[in-house]
Amino acid sequence: MFEPSHWNFADFWEMIAGALPAAPAQRQREKLFTWAEFDRRADGIGTTLLDERASRDDRVALCLRNAPEYLEVMFAAAKIGIPAVNTNYRYRRDELLYLWRDADITAVVFHGCFTEQVAEVRPDLTGIRTWLHVDDGTAPCPDWAIPYEQAAAAGGGEHTRSRWGRSGDDLFLLYTGGTTGLPKGVMWTQSDIFLQLNSVGPPSYPIEDGIPGIRPLITEPGRTHISASPMMHGTGLFGGYMTLNAGGCVISLGGNGFDPVELLDTIHGLRVRSLAMVGDAFGRPILETMAREPGRWDISCLDNILSSGAFLSDAVKAGLLEQCPSLVIVDGFSSSEGFGMGWSISTKENVATTARFEFGPHAAVLDDELRPVAPGSGVIGRLAVGSRVPLGYYKDVAKSATTFVTVDGVRMAMPGDRALVDADGRIRLLGRDSLCINSAGEKIYTEEVEAVLLGHPDVADALVVGVPDPHWGQAVCAVVAPVEGTHPAVPDLIAHVKARLAGYKAPKSIALVETVPRSPNGKADYPRARELAEAAHHPAN
């Protein structure tokens, strides 16, 4: 039996590179890298990161849009036995400082378009020794950074290894938003992530004989795949990982934002078979674009779409299936803390209802006494998932203890989602305990935005809520009471937030009121605030 501690992505992908050296591994517009090149370039990045001060405690941050370099750095980090840390490239100065300090970052790989953001925080991050600049045709490489292509060429012809080696016990860090708005690092092991992805597949390999037993199964290239959603989030990243595990090719779009025309052109032109995206924020633009030019794109090559991170509405699912009747749409409900809590599968003959899921194989809905909720009981419980779960949150023992609990001898993750179990045994998702807003897959926490609004000199009080929006799923909206005698302009308040937080956290609309709704004891009346916000919010067509 192959020991779990032996499952490491670097070992697995090196095996695939040996089996399929000439097959395509990554592509972005005119750039195409074979599996042999993917392997060699990751060796070069790993070699560059192994300077004279390198140690097992190093961490490399990725401040990158979707591109071949993203997965090359992930591969390189696994080769040398350190974590690669996802970074939301929309973060501003204070957010970057917090994340990279919290994660103990020692190296950063960044696209040229983020040079100014990176340069702003660099003087305050003296623990970072290495900066790698990825040329994207924008800002030139600064003199304090190493050109990425120079680093990628640094391999010595052998697979790169550190003196401390690599194993399935190596840390895999995935940062996600916390209940206070501050990101938290979810600590997985390489082996647990590998085996989790293998269990939900495709591909889904027999694991009893380990990598040597799987090697004979790798005889031809796998699927072509596009992660339309950013790989800095789990949905996009793991869509790419599963494709690489199958010996396939991950295609990155080339723009600075989601462009449905480029996506459709790529699917049509390269006969893409798999797509990962985040809910209606991607699905609606795809359908609207196809409706404007009917007949231009043939997407019948698509076998499946994986959507996770935000709701995919019934109407959008039905529209996509109308365009591609053979398509299978998998609406997955997972989190950074727990995979496979629930799934719904839609086909042309059966469009699954939004927010209702089949239980994952190791999922449960538990009441406040940590007992399973009975189907049809009407009891609102907490979603939990067992089997392989993270080690905890990086450097946060208290938060780890509340999220990762032991139930009847089984360690389970309980990220905070509330749900009912319907009489037919399906999960009906209700939402998070916290006041988390999910806008196109991005997590926004109200207290963080409220604090920034309250920092404006003309704001006396503020509440922030999420309201339904056809494009974003939920839109961030605010209810603001101005300081008496002032008349702040809504665009100025929004600009105030954007100057201090990532742009997606800024309110899409603001209702100016005389008094923010609160109960007599001073606690926020969020239901009333939401009513006011909905009345003021006018979604763009």
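Select Phe12 to begin: once its neighbours within four places in sequence are set aside, this residue is in contact with Trp7, Phe194, Tyr205, Ile211, Ile214 and Asn245. Keep in mind throughout that the model is predicted.

Widen the selection to the largest nonpolar core, which has 123 residues, and where Phe12, Trp13, Trp100 and Tyr241 are those with the most contacts inside it. Apart from that core lies another, of 30 residues, and among them are Leu264, Ile299, Ile305 and Ile329.

Turn next to the rings, since the structure holds 23 aromatic pairs. Show Phe12 together with Tyr205: their ring centres are 5.6 Å apart and the planes stand at 50°, so the pair is tilted. Phe12 belongs to helix α1 (residues 9-19), while Tyr205 is in the loop between α7 (190-200) and α8 (210-214), and the pair thereby links distant parts of the chain, 193 residues apart. Both Phe12 and Tyr205 are buried.

Move on to Phe110 and Trp144, an aromatic pair that is stacked, with 5.8 Å from centre to centre and 25° between the planes. Because Phe110 lies in strand β5 (residues 107-111) and Trp144 in the loop between β6 (130-134) and β7 (146-147), the pair ties together parts that are 34 residues apart in sequence. Phe110 is buried, its relative accessible area being 0%.

Finish with two places where a charge meets a ring. Select Arg65 and Tyr89, where the charged end of Arg65 sits over the ring of Tyr89 at 4.8 Å from its centre; then select Lys79 and Phe75, where the charged end of Lys79 sits over the ring of Phe75, 4.5 Å from its centre.

Terms used:
Residues are numbered from 1 along each chain as its sequence is written. This is a predicted model: local features need pLDDT of at least 70, side-chain atom pairs count only at pLDDT 80 or more; totals for chains, interfaces and linings use all residues. Side-chain values use heavy atoms; hydrogens and water are left out. Rings of Phe, Tyr and Trp (its six-membered ring) pair if their centres lie within 6.5 Å; planes under 30 degrees apart count as stacked, over 60 as edge-to-face and the rest as tilted. Helices (H or I, at least four residues) and strands (E, at least two) are DSSP runs, numbered from the N terminus. Buried means under 20% relative accessible area, exposed over 50%, partly exposed in between (1.4 Å probe, protein chains only). A charge sits over a ring if NZ of Lys or CZ of Arg is within 6 Å of the ring centre and within 35 degrees of the ring normal. A nonpolar core is a set of buried Ala, Val, Leu, Ile, Met, Phe, Trp, Tyr and Cys residues joined through side-chain atoms within 4.5 Å. Contact means heavy atoms within 4.5 Å.
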